[in-house]
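Thanks, everyone, for making time this morning. I would like to walk you through one structure, strand by strand, so please have a look at it before I begin.

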Amino acid sequence: HPGTELVGGDFYDVFPVDGGGWGVVLGDVCGSGPEAASQTALTRHSVRMAALFDSTPPSVLHALNEALLRSGAERFTTAAFARLVPDPRTGAVDVQLASAGHPAALVVRADGTTQETNAAGPLLGLLEFTEEELRPWSFRLDAGDTFVLFTDGLVEARRHGDLFGTTRLADLARLSSHLPPSDLARTLVEAALAHADAPVHDDIAVVVLRAGD
């Protein structure tokens with residue numbers, strides 16, 4: 001959902017990686033408009049290229065930072081990159097997640113419990129950093145578990161200073177976890193917009209994935 005501009009800086013991509021897994025990236029280029037959209041295109045391309053050589057999430061985000069610095073990009077970027085490896089026998093999915101200045105993703109278990117992910121790292125496109133400065137987080141999605149990635153525009157939708165926030169997000173995701181992933185994503189965005197009760201200035205992007213049940 002774009003903010004005040006027709007084109008925004010939020011983006012996502014899903015693509016196959018080596019070893020039968022999937023790469024999922026969700027990110028936010030600072031600002032909106034044509035300049036942000038141009039940097040978004042560079043970012044998506046750089047992620048795919050990096051994953052061709054090494055699809056481990058810290059390596060991908062480190063390579064992305066190097067690409068942004070070489071390009072002379074003037075806007076910082078936040079991003080989360082996850083490598084998902086499904087087990088066709090059980091329906092479970094092993095996930096390794098790396099984050100660079102991005103909001104913590106949310107895991108909604110099939111039993112209704114929720115958990116914020118714990119990956120962390122510096123913003124992209126500002127300064128050099130080592131791969132070791134990215135702290136990845138590994139976990140497993142069992143059948144029926146849901147993985148929700150989002151940009152800060154979702155939780156920062158506000159009415160008179162009252163943010164939609166992570167607590168409302170987790171509660172709604174838990175109560176709506178029976179919905180198909182596309183409907184759950186739409187429900188979260190619509191709830192944030194309704195909470196704001198006015199046009200939101202920031203872009204909103206949400207990706208919802210569920211382990212096979």
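Strand E5, which covers residues 106-108, pairs with E6 in the antiparallel sense, and three bridges join the two; please keep in mind throughout that this is a predicted model. Within this pairing, Leu 106 has Glu 116 of E6 as its bridge partner.

Stepping back from that pair, we find E5 and E6 in an open sheet of four strands, ordered E6-E5-E8-E11, with antiparallel pairing. Strand E6, at 114-116, and strand E11, at 206-210, stand at the edges and have a single partner strand each, so one side of each is left without a neighbour in the sheet. On average, and ignoring direction, neighbouring strands here are turned by 20 degrees against each other.

Which strands does helix H4 touch as it packs on the sheet? Helix H4, residues 165-175, touches E5, E6 and strand E8, the last of these spanning 146-150, and the direction of the helix makes about 30 degrees with that of E5. Helix H5, residues 181-196, lies across E8 and E11, and it runs at about 145 degrees to E11.

Let me turn now to another pairing, that of strand E4, residues 93-100, with E7, which is also in the antiparallel sense and extends over five bridges. Here Val 95 stands opposite Phe 139 in E7. That same Phe 139 belongs to an alternating pattern along strand E7, residues 137-141, in which Trp 137, Phe 139 and Leu 141 point to one face and are buried, whereas Ser 138 and Arg 140 point to the other face and are not buried.

Key: Residues are numbered from 1 along each chain as its sequence is written. This is a predicted model: local features need pLDDT of at least 70, side-chain atom pairs count only at pLDDT 80 or more; totals for chains, interfaces and linings use all residues. Side-chain values use heavy atoms; hydrogens and water are left out. Two strands pair if DSSP finds at least two bridges between them. Axes are lines fitted to C-alpha atoms, for helices over the stretch in contact, and angles run from 0 to 180 degrees between N-to-C directions. Contact means heavy atoms within 4.5 Å. Buried means under 20% relative accessible area, exposed over 50%, partly exposed in between (1.4 Å probe, protein chains only).
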